[in-house]
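Got your viewer open? Let's take a short walk through this structure, one selection at a time.

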Amino acid sequence: MTHVYRTTATYATDDVGTDWKERAARYSLLPLRLFLGVTFVYAGLDKLLDSAFISASGTGSIGELMTNVRNSSAVPALVDMALKSPEGFGYAMAFGELAVGVGTLLGLLARLAALGGALISLSLWLTVSWQTEPYYYGNDLAYLVAWLPLVLAGASVFSLDAAIAERRRRSR
């Protein structure tokens, strides 16, 4: 039988390893934040700049999309609400994605922005991509899950939230 003894000796390399791990943990959500922020800004701008998208009918319109997914969605009532005013829903979706993306990139009200992103992804999963089989081909569920760490943790680095919190802490 082999016995292993642990010592409490501290070596210079221990501090480096600990610092690296702490730094990695601190910055770990930054790539996710950048990806989701850029993606949602792009999605919002893409919708706003596509004249065909924000219309009640026609090829590539939000009205056509909602009509096509109505019978296969998990919550047809959500689609029915969108179909009452497809243009208004299209603008709401585009500006919502833009606000979520900008808030996420700037780290301004980051948890609220992430919650908005999660709700947008949830609504798209329950309506547009619900019928996708197998489920992992639809990306809205993956986006929903990707938003959850940011809902829980917020934006701790390179963010206006962190700068505001630091300023408040210093002024006390």
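Start by selecting five helices: α2 (30-49), α3 (62-69), α5 (86-106), α6 (110-127) and α7 (140-153). Each of them supplies at least two residues to the lining of the largest pocket. Keep in mind as you look around that this is a predicted model.

Which helix gives the most to that lining? It's α2, with 4 residues. Colour α2 differently if you like, then turn to the space itself.

The largest pocket has a volume of about 290 Å³. It is lined by 18 residues, and the closest to its centre are Lys47, Glu97, Leu124, Asn139 and Asp140. Select those five and show their side chains. Now for the lining as a whole: by class, you'll find 12 nonpolar, 3 polar and 3 charged residues there.

Next, keep just two of the five on screen: Lys47 and Glu97. These two form a salt bridge, and their closest N and O atoms are 3.0 Å apart. Follow the chain from one to the other and you'll see that the pair links distant parts of it: Lys47 sits in helix α2 and Glu97 in helix α5, 50 residues apart. Are these partners buried or exposed? Both Lys47 and Glu97 are buried.

How many salt bridges does a search of the whole structure find? There are 4, so let's visit some others.

Select Asp80 and Arg70. In this salt bridge the closest N and O atoms are 2.8 Å apart. Here too, distant parts of the chain are linked: Asp80 belongs to helix α4 (residues 76-84), Arg70 lies in the loop between α3 and α4, and 10 residues separate them. Switch on the surface and check each partner. Asp80 is partly exposed, with a relative accessible area of 30%, and Arg70 also counts as partly exposed, at 27%.

Last stop: helix α8 (residues 160-171). Select Arg169 and Glu166, which both lie in this helix, 3 residues apart, or about one turn of the helix. Their side chains meet in a salt bridge, with 2.5 Å from N to O. Leave the surface on for a moment: Arg169 is exposed, with a relative accessible area of 53%, while Glu166 counts as partly exposed at 25%. Before you go, add Arg170 to the selection. Salt bridges with shared partners join Glu166, Arg169 and Arg170 into one network.

Notes
Residues numbered from 1 in each chain as written. Predicted model: local features only at pLDDT ≥ 70, side-chain atom pairs only at ≥ 80, totals over all residues. Heavy atoms only, no water. 1 Å grid on protein atoms, 1.4 Å probe; cavity = no way out; pocket = protein on both sides within 12 Å on 5 of 7 lines; lining within 4 Å. Points joined across faces, edges and corners; volume = space filled by probe spheres on them. Nonpolar A, V, L, I, M, F, W, Y, C, P; charged D, E, K, R; others polar. Buried < 20%, exposed > 50% of the residue type's maximum accessible area, 1.4 Å probe, protein only.
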